[in-house]
Amino acid sequence: MDGQEQYAKLFNDIDSQALITLGVILASTVLLIIVSQRGLNWLANRLHGQVRFRVFALVPLTRLLILITALAVAVPIVIEPSLRNMVTLLGAIGLAIGFALKDYVSSLIAGVVSAVELPYRPGDWVNIEGTYGEVKHVGMRTVEIVTPDDDLVAVPHLKLWDSAIYNANNGDVSLQCVASFYLHPEHEAGWVRKALRDVALTSAYLKFDKPIIVVAEEKPWGTHYRIRAYPVDPRQQFLFITDLTVRGKQVLSAAGVTPALLPPDAAMDSQGATS
């Protein structure tokens, strides 16, 4: 019985006047959100440069402020604004927020771990769940990666707990690149290996103090060659691979070496090889 009385004291008596007031608050909130969003979007579309994006950024912030204000006005109408009730309400809200933000807190803890273990740092080229690019910033909650297509991707540190982190250079200025060639089995393997090595040696992007390795692997459909070498700068990796691929094809084609014909069911693995 005491519990029912405490529950009854938590909420005010809702009469017709209270319902009308709540309806006005709801309608005003919806109207203000619509007007503010359309107005800010209209203004932003008539501006240029950074100012335009800053006005766009005000849209969700304005919506949030309107909702908070509406809740602050509506809650005292429904709930009796006593100290006991406010403590109960804030406790329930805090519990709900705690469950909602558990991943956020986990990302913050993982951010502290990343600062100690250094799985990535600015300048590293990493692959996290298929997102490959250069680390530009390591924040408290996320790591910002710029992909080769110039997209900025924010990956939460939470991925440290259950995902593999592939780091191509791990804080070093050297990054290994791989250029693949798939050739018909009827060719002189020794000559092809030497020719591909010469292709790497004559590249303008080659870092000469690092080894050049040409790996050959026999497959049922032909031979898979890989040139493994290092560019001068990790940011040149795609230019380097393109240079090796284009000039390698030219040398092999001029020598009459034909490419392999892959069967329709040949599946590519994660390193570009086929089975």
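This text walks through one pocket and the salt bridges of the structure above. The model is predicted.

Start with the second largest pocket. Its space comes to about 220 Å³. The lining includes a run from β6: Ser-180, Phe-181, Tyr-182 and Leu-183. Thr-245, Lys-249, Leu-252 and Ser-253 also line the pocket. Val-257, Thr-258 and Pro-259 complete the list. Two elements each give two or more residues to this lining, namely β6 (177-183) and α7 (237-254). What is the mix of classes in the lining? There are 6 nonpolar, 4 polar and 1 charged residues. Lysine counts as charged, and Lys-249 is among the lining residues.

Now turn to the charged side chains. The model holds 8 salt bridges. Three pairs and one network are taken in turn below.

Take Asp-124 and Arg-121 first. Their side chains form a salt bridge, with N and O 2.9 Å apart. Is Asp-124 buried or exposed? Asp-124 is buried, because its relative accessible area is 1% and the cut-off for buried is under 20%. Arg-121 has a relative accessible area of 22%, so this residue counts as partly exposed. The bridge therefore joins a buried acid to a partly exposed base.

Next comes a pair within one helix. Asp-198 and Lys-194 meet in a salt bridge, 3.2 Å from N to O. Where do the two residues sit relative to each other? Both belong to helix α6 (residues 189-201). They are 4 residues apart there, so about one helical turn separates them. Lys-194 is exposed, with 53% relative accessibility. Asp-198 is partly exposed, at 30%. The cut-off for exposed is over 50%, so Lys-194 passes it and Asp-198 does not.

The third pair is Arg-235 and Asp-233. Their closest N and O atoms lie 3.2 Å apart, and the two form a salt bridge. Which side of the exposure cut-off does Arg-235 fall on? Arg-235 counts as exposed, because its relative accessibility is 56%. Asp-233, with a relative accessible area of 22%, is partly exposed.

Finally, consider the network. Which residues does it link? Glu-217, Lys-219 and Arg-226 are joined by salt bridges. One acid and two bases thus take part, Glu-217 being the acid, and Lys-219 and Arg-226 the bases.

Key
Residues numbered from 1 in each chain as written. Predicted model: local features only at pLDDT ≥ 70, side-chain atom pairs only at ≥ 80, totals over all residues. Heavy atoms only, no water. 1 Å grid on protein atoms, 1.4 Å probe; cavity = no way out; pocket = protein on both sides within 12 Å on 5 of 7 lines; lining within 4 Å. Points joined across faces, edges and corners; volume = space filled by probe spheres on them. Salt bridge = Lys/Arg side-chain N within 4 Å of Asp/Glu carboxyl O. Buried < 20%, exposed > 50% of the residue type's maximum accessible area, 1.4 Å probe, protein only.
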